[in-house]
Structure formats: C-alpha cells, structure tokens
Amino acid sequence: MAETAKLTVEGKTYELPIVTGSEGEKAIDISKLLKETGYITLDQGYANTGSCISAITYMNGSNGTLRYRGIPIEQLAQHATFVETAYLLINGDLPSSCELTNFSDLLNTHSLVHEDMRAFFEKYPRGAHPMGILSSMVNALMAFYPEVPERTEEEEINITVARLISKLRTLAAMSYQISRGHRVIYPSHQLGYCANFLNMMFDSPVRPYDIDPDVVRALEVTLILHADHEQNCSTSAVRHVGSARVNLYAAISAGICALWGPLHGGANQAVIEMLQQIYDSGGDPAPFIGRARDKNDTFRLMGFGHRVYRTYDPRVPILKEMCDKLLTKFGASDPLLDIALNLEEIATHDPYFIDHNLYPNVDFYSGILLRAIGIPLNMFPVMFAIGRLPGWISQWRESIYDPGWKLCRPRQIYTGHKERNYIPVADRG
Ligand code: CMC
C-alpha cells in the first residue's frame, strides 16, 4: 500500500500521499489540501516546499553532495568541458562525440549578435550594472530573433537554446568592451567556448590576448560548478515566469534579475567588496566576524551560509584548489585570498558559525578565481549567469514538458483591514 501521511484538521483526518525521490527524499503531496480541507500551507521563503518534481540535479545539504543528471560535480570539474556539461543538463545524458561536435557547431553558428543590438549598449547609461544590461539584452533577443512559423516547436526550442548559450557569452564580452570604449571583438569558430569568451573580453587591436590553457580550464571549471543548483532563487524565477508560458528569452531575463541580488549570484561581487573592506581596515577579519554575530547589526559575512547546505559546499574545495593553482602558476599572490583563508579559518571555528551551520559557499572563492583570471568586479555576477544558463534552460524545458505543468500561483494569508468604506477626500481630515 502506498505510504501516506495523516493530517487532522478540525477533528477530521485526511490522508496525504507521500512522494519518494530516487535518492529516498520524501515529500508530503498537499496538492489537494485546499480543495479537501479549505486550508493552505504557509511557508515563507519556501524553505519546506518542493515546487516541482525534477530529474536534473540532486543535492544533499547534510553531506554536501551535488550531482548533475547523476554525475558528481567533482568528476565533471575534473574531466568535462562546460559545453559538454550544458549538453548533459539540457538533454539528460553526456553527448556522444558526434552529438558534441554538432552541438558545438550549432553554438558557433549562433555566436554572433545582430549588429543593431550595439545601439542598445551604446545608449545604455554609462556606469549601469552589467547584470541590468544583460537582462535587457536577453529580453531584446526575442525581437531580433522572432519565431519562424515553419519550424516545429522542438526545432524552435533547440535553436533558441543554442542562441542563448552562445550569445549570452558574446553579449557579456561586448558589454565589457563597449563599457571601456573599446572595439568589439567578434567570436571565432576556431576557439572553444571559454577561450572564445576570454578572447572577446581581453583581445585588443594593440595587444593581442594570449590564451593560456590553464586560465581556460579555470574558467571551464568555474562555469561547470555554477551550471545548476536545483530550485534556487533564480531557477525558481525562471520556472515561475516560464509557467505563464512566456518565451524562453523572457524567462531567462527574469532569472538574470533574480541572480543579480547580493543574497544570490551578486554575492561573488559582495565577497570581494567585503574582503577589500577588511584589507583597507588593516586586514583583521575579527571585527567583521563580530559584526556578523551581532543580532543588532544587519551585516552578514558574504559568501557564508546556504539555504540547503548544512556543511561545506562541495564546490568550495574545487574552487579553492583552482585559485591556488592559478596564483602559483602566475607566481602571484592575492592579499584578498590570504584574508579569505584567514577569515574561513576563524569563522569555521567560531561557535556562532558552527551552531548556525554556516560554512563558505561557492561565492566565497569564485571571486578570487575570477580576479586571477582578470574579470572585472562588476562582471562577476555576469559570469555566474553564463554558468547558470544551462541549468535555467534545462529546468525551463523540463517544466514545459511536465505533464503535471501548472501556472505558478501561490496563495497567501491576508492580514490587512477587514472591509471598510471609501471616505471622500474632503471628509478625511
Ligand atoms: N553571516 C552571519 N549570519 C548568517 C549568515 C551570514 N552569512 N547567513 C545566515 N546567518 C544566520 C542568520 O542571521 C540567522 O540567524 P538566527 O537564526 O540566529 O536569526 C540564521 O543564520 C539563518 O539565516 P537565514 O537568513 O534564515 O537563512 P537562509 O537559509 O534564509 O539564508 C543565505 C541563506 C544564503 C541567504 C544566507 O546564508 C546569507 O545571507 N548569506 C550571505 C550571502 C551569500 O553568501 N549568498 C550566496 C548564497 S550561495 C550561492 C547562491 O545562491 O548564489
């Protein structure tokens, strides 16, 4: 007999089905609760709410596990490319060599952006944050690349997916070059995805960019580690907005906006700003840890804590090792890395952080790595967006083909005024 949970409301007992995932996680299915009992559930911030059933990413917050389509991220970080990982997430399995070639060719085919889009960049106010620019550009893609009625839905989706993955990278690099008043560097069919991006970012007519395979690998790994994280804030935004059946560009644009926030993808920029603040104040992290512990202070240690992980974020050791490797290769040291290591050491031995299960998260070291690669600070969240894009796409795609698809429309408990009468302005005193 199928397992059920029993709920007693106003003396009447209801049996609610229990859903079990492939790794044994359990959920109580409350989809008929309102109809049967007149009650809704209340869960601010959705910390206890499963919003969907998904076969894409598995994470276990107690033991720090993260797998894409069953494959541990440690293995992907060691062996895969970002393009392979994107294919895996979106299509469900690793590509054969022929599928990989076709997918890479498709990305090359769609790597250019319409020349008219330059006008957007040029007229965007100077100093605008690149995440705002990126979300506008992605939304605008729909107008530049409208649907073609002769294509099947599947063909249209495949082309849109390739366009997004390829053009997001081109748009990001273009925005950087234009923001500096420099010439736009076009993508090249001769270069792989990450090498292409680095070249578009840093090549210059007066100083050709020297593509270093270790830097390319560091970028591959960073993007792989960001590629999906199940129902996080931006992915939920993509699914939520997508549930209204908007086009994929609009749903991804919403995801970029959600990711921008400092509690989510904007944290990688906020971490570096915090480490810089510690450096500028003499280099001692202790007062900052003290502030983070203080209930009367809103300050939080950026790059620490996670809604799901109650232990080390499994992406952290990989990024940390990559930082060490890259800085050693360049014979460089980064004072912010030294402060980060010191901060981690103190915080992870501090009773407040231990009691609250607060450990460094992905954003704590990704910023140091991006700095070592040469990415400017305000582009850090953009790098997160490029990495997360395959995850957003795969989650969106899964949702639109889900037979249980529904418009996302949560309810609320209203605590405002009871009915009252309108008072004409002259009588309001
Ligand atoms: N520094 C100090 N205290 C913290 C921190 C922190 N970074 N994070 C959580 N806490 C405390 C919080 O004050 C609360 O304490 P108490 O129970 O005594 O009131 C407790 O831990 C639980 O906090 P919460 O805000 O209810 O937990 P949450 O699961 O909603 O928050 C979080 C998750 C990521 C928003 C939060 O840990 C945070 O703000 N971290 C800093 C920002 C950051 O690094 N974000 C990146 C997240 S990982 C990558 C990504 O998603 O993009």
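Q: How many aromatic pairs does a search of the whole structure find?
A: The model is predicted. Rings of Phe, Tyr and Trp pair if their centres lie within 6.5 Å. Searched as a whole, the structure yields a count of 11 aromatic pairs.

Q: Why is the pair F120 and F144 stacked or edge-to-face?
A: A pair of aromatic rings is described by the distance of the centres and the angle of the planes. Planes over 60 degrees apart count as edge-to-face. The ring centres of F120 and F144 are 5.9 Å apart and their planes stand at 65 degrees, so the pair is edge-to-face.

Q: Which helices hold F120 and F144?
A: The two residues are 24 residues apart, and their pair links distant parts of the chain. F120 belongs to residues 117–123 and F144 to residues 130–144. The helices are α5 for F120 and α6 for F144.

Q: What share of the ligand does the protein bury?
A: An oxygen atom of the ligand lies 2.8 Å from a side-chain N or O atom of R307, and for R300 such a distance is 2.9 Å. At G265 a backbone N or O atom is 3.5 Å from a ligand oxygen. Taken alone the ligand exposes 940 Å², and the buried share of that is 75%.

Q: Which residues come nearest to the ligand?
A: The shell around the ligand divides into 11 nonpolar, 7 polar and 4 charged residues. Of the 22 residues around the ligand, those that come nearest are H264, K295, L301, G303 and H356.

Q: Which helix gives the largest share of the lining of the second largest pocket?
A: This pocket holds about 350 Å³ of space. Of its 19 lining residues, E147, E153, E156, I157 and W396 are the closest to the centre. At least two lining residues each come from α7 (153–179), α11 (248–260) and α18 (380–401). The largest share, 5 residues, comes from α7.

Q: How do the residues of the lining of the largest cavity divide?
A: The structure holds 3 cavities of 30 Å³ or more, and the largest cavity has about 60 Å³ of space. Its lining includes L112, H114, E115, R118 and Y186. The lining divides into 7 nonpolar, 2 polar and 2 charged residues.

Q: What is the volume of the second largest cavity?
A: Among the residues that line this cavity are G305, Y309, D313, N357 and P360. The lining divides into 4 nonpolar, 5 polar and 1 charged. The volume of the second largest cavity is about 40 Å³.

Key:
Residues are numbered from 1 along each chain as its sequence is written. This is a predicted model: local features need pLDDT of at least 70, side-chain atom pairs count only at pLDDT 80 or more; totals for chains, interfaces and linings use all residues. Side-chain values use heavy atoms; hydrogens and water are left out. On a 1 Å grid over the protein atoms alone, a cavity is a set of points where a 1.4 Å probe fits but cannot get out, and a pocket is an open set with protein on both sides within 12 Å along at least five of seven lines; lining residues have an atom within 4 Å of a point. Grid points are joined across faces, edges and corners, and a volume is the space filled by probe spheres set on the points. Helices (H or I, at least four residues) and strands (E, at least two) are DSSP runs, numbered from the N terminus. A residue is near a molecule or strand if one of its heavy atoms lies within 4 Å of it. A polar contact is a pair of N or O atoms within 3.5 Å; within protein, one must be able to donate a hydrogen and the other to accept it, and residues adjacent in sequence count only if both atoms are side-chain atoms. Accessible areas come from the Shrake-Rupley method with a 1.4 Å probe; for residues, only the protein chains shown count as cover. Ala, Val, Leu, Ile, Met, Phe, Trp, Tyr, Cys and Pro count as nonpolar, Asp, Glu, Lys and Arg as charged, and the others, Gly among them, as polar. Rings of Phe, Tyr and Trp (its six-membered ring) pair if their centres lie within 6.5 Å; planes under 30 degrees apart count as stacked, over 60 as edge-to-face and the rest as tilted.
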